[in-house]
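Here is a short briefing on one protein. Look over the sequence and the structure first. Then read the points by topic.

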Amino acid sequence: GVLVAVGLSSPPAAAAAKATCGGSASKLTVQGTGLATGKPDLLTVSVGITVTDPTAKAALDDDNAKATSVIDALGLSGSAAKDVQTAGLTIDPQYNLKGAITGYQVSNTLVAKLRNFSSAGSVIDTLAGAAGNAIRIDGLDFSVEDTRSLEDHARNDAVRQAVSHAKSMALAAGERLGPVCSLTDQSQIDNFNQSFGASDQAAGTPLASGASVPLAPGSQQETAQVTMVYALTAAPLGK
C-alpha cells in the first residue's frame, strides 16, 4: 500500500490540516493511472490427452497409461510434482447414426508449470512423444508468478500521475494545493499475460517433431488507479 503523511510536523499543524480538509473547504479530486511492465518467469502449459476404445475400462486404462507417460516425461524434464496437476477427466460414450454405443472416449487434462524457458520448447516436444497422437496442447500462458512488486510499481506510478495532475490543475485554477485529505487505491489489478493456444491444431493430431517449439514470453503489464483529494488554498495575488 501507499502511506501518505499529512501534517505530522506538530499537533497544531495536524489540527490545521484537519480543519483545512473539513466539509466546507475547497477541494480538488484527481485520479491517476499507473502502468508497470515485467518479464514473465512462468509458463503454464495445458495438455489434453484423448483416447477412444471399445469399452469404458479400456479407454480409461489407455488414457491413464498415456497420462502417466506425460507426467513421467515432465518429471524427467525437471518439473516438480507440485507443478503438475490433473485439471479434468471426462468419460463419454460414442454413438453411431442408429444411436448404438460404439465406444467410449476419455479425455484427461493436465496443467504443468514450467520455469525454465530455455528448455520449455524441448519439453513440449517430449510430451508429444510421450502420448503420441492422443496429445494436444490446449494452451500456453506466460505470466509473472509473484506480481506484488509489479503491482507496487504500478500504484506508485498512479500516485505520481495524480500528483502531477493536481499541481497542473491547481495552477491553472489560480489555487494552491493544501494537504492531502485522502488517497484511495481503486486498483482492480489486471494481469495482461502474453499467451497463445493451439486452437488451430485438431484434437488427436500429433505435434510437429524436429526442432524445439519456438516460444517467445513477451512481457506482462499491471495497471493501477488511485484517487487523491487535496485541500485548496487561494494563491496570493500575483502568483
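What follows is a tour of the fold, its strands, its helices and a few chosen residues.

The model is predicted. The protein has 4 helices and 9 strands. Of its 239 residues, 33% are buried. One disulfide and one aromatic pair were counted.

**Overall order**

- Along the sequence, the elements follow the pattern α-β-β-α-β-β-α-β-α-β-β-β-β.
- The pattern opens with a helix, then two strands, then another helix.
- It ends with four strands in a row.

**Strand 2 and its two partners**

- Strand 2 covers residues 42-53. It is mostly covered, with 11 of its 12 residues buried.
- Strand 2 pairs with strand 4, which spans residues 101-114. The two strands run antiparallel and are joined by 11 bridges.
- One pair of bridge partners here is Thr44 of strand 2 and Lys113 of strand 4.
- Strand 2 also pairs with strand 5, again antiparallel, through 8 bridges.
- Val45 has Leu140 as its bridge partner in strand 5. Ile49 has Ile135 as its bridge partner there.
- Strand 5 is largely enclosed by the rest of the structure, because 7 of its 9 residues are buried.
- A general point helps when you look at any of these strands: in a regular strand, the side chains alternate between the two faces of the sheet.

**The hairpin of strands 3 and 4**

- Strand 3 runs from residue 84 to residue 95. It is joined to strand 4 by 11 bridges, and the two run antiparallel.
- Together, strand 3 and strand 4 form a hairpin with 5 residues between them. In the turn, Gly99 has a positive phi of about 90°.
- Gln85 belongs to strand 3. Its opposite number in strand 4 is Val111.
- Is Gln85 buried or exposed? Gln85 is exposed, with a relative accessible area of 53%.
- Gln85 and Leu110 are 25 residues apart in sequence. Their C-alpha atoms are 5.6 Å apart in space.

**Helices 2 and 3**

- Two packed helices are described by the angle between their axes and the distance between the axes.
- Helix 2 spans residues 56-76. It packs with helix 3 at an angle of about 155°. The two axes are 8 Å apart.
- How do the directions of helix 2 and helix 3 compare: roughly parallel or roughly antiparallel? They are roughly antiparallel, because angles over 145 degrees count that way.
- The crossing of helix 2 and helix 3 is right-handed.

**The aromatic pair**

- The count gives 1 aromatic pair. Its members are Phe117 and Phe142.
- The ring centres are 5.2 Å apart and the ring planes stand at 85°. The pair is therefore edge-to-face, since its angle is over 60 degrees.
- Phe117 lies in helix 3, residues 117-131, and Phe142 lies in strand 5, residues 135-143. The pair therefore ties together parts that are 25 residues apart in sequence.
- Phe117 is partly exposed, at 22% relative accessible area. Phe142 is buried, at 2%.

**The disulfide**

- A disulfide is a covalent bond between the sulfur atoms of two cysteines.
- Which cysteines form the disulfide? Cys21 and Cys181 do, with their sulfur atoms 2.2 Å apart.
- The torsion about the S-S bond is about -90°, so this disulfide is left-handed.
- The bond links distant parts of the chain, 160 residues apart. Cys21 sits in the loop between helix 1 (11-20) and strand 1 (27-38). Cys181 sits in strand 6, residues 175-185.
- Cys21 is partly exposed, at 22% relative accessibility. Cys181 is also partly exposed, with a relative accessible area of 28%.

**A residue in strand 9**

- Gln220 lies in strand 9, which covers residues 220-234.
- Is Gln220 buried or exposed? Gln220 is buried, with a relative accessible area of 0%.
- Gln220 and Asp41 are 179 residues apart in sequence. From C-alpha to C-alpha, Gln220 and Asp41 are 9.8 Å apart in space.

Key. Residues numbered from 1 in each chain as written. Predicted model: local features only at pLDDT ≥ 70, side-chain atom pairs only at ≥ 80, totals over all residues. Heavy atoms only, no water. Phe/Tyr/Trp six-rings, centres within 6.5 Å; stacked < 30°, edge-to-face > 60°. Buried < 20%, exposed > 50% of the residue type's maximum accessible area, 1.4 Å probe, protein only. Disulfide = S-S within 2.5 Å. Pairing = 2+ DSSP bridges. Axes fitted to C-alpha atoms, helices over the stretch in contact; angles between N-to-C directions. Parallel < 35°, antiparallel > 145°, perpendicular 65-115°, else oblique. Left-handed = near helix turned anticlockwise from the far one by under 90°.
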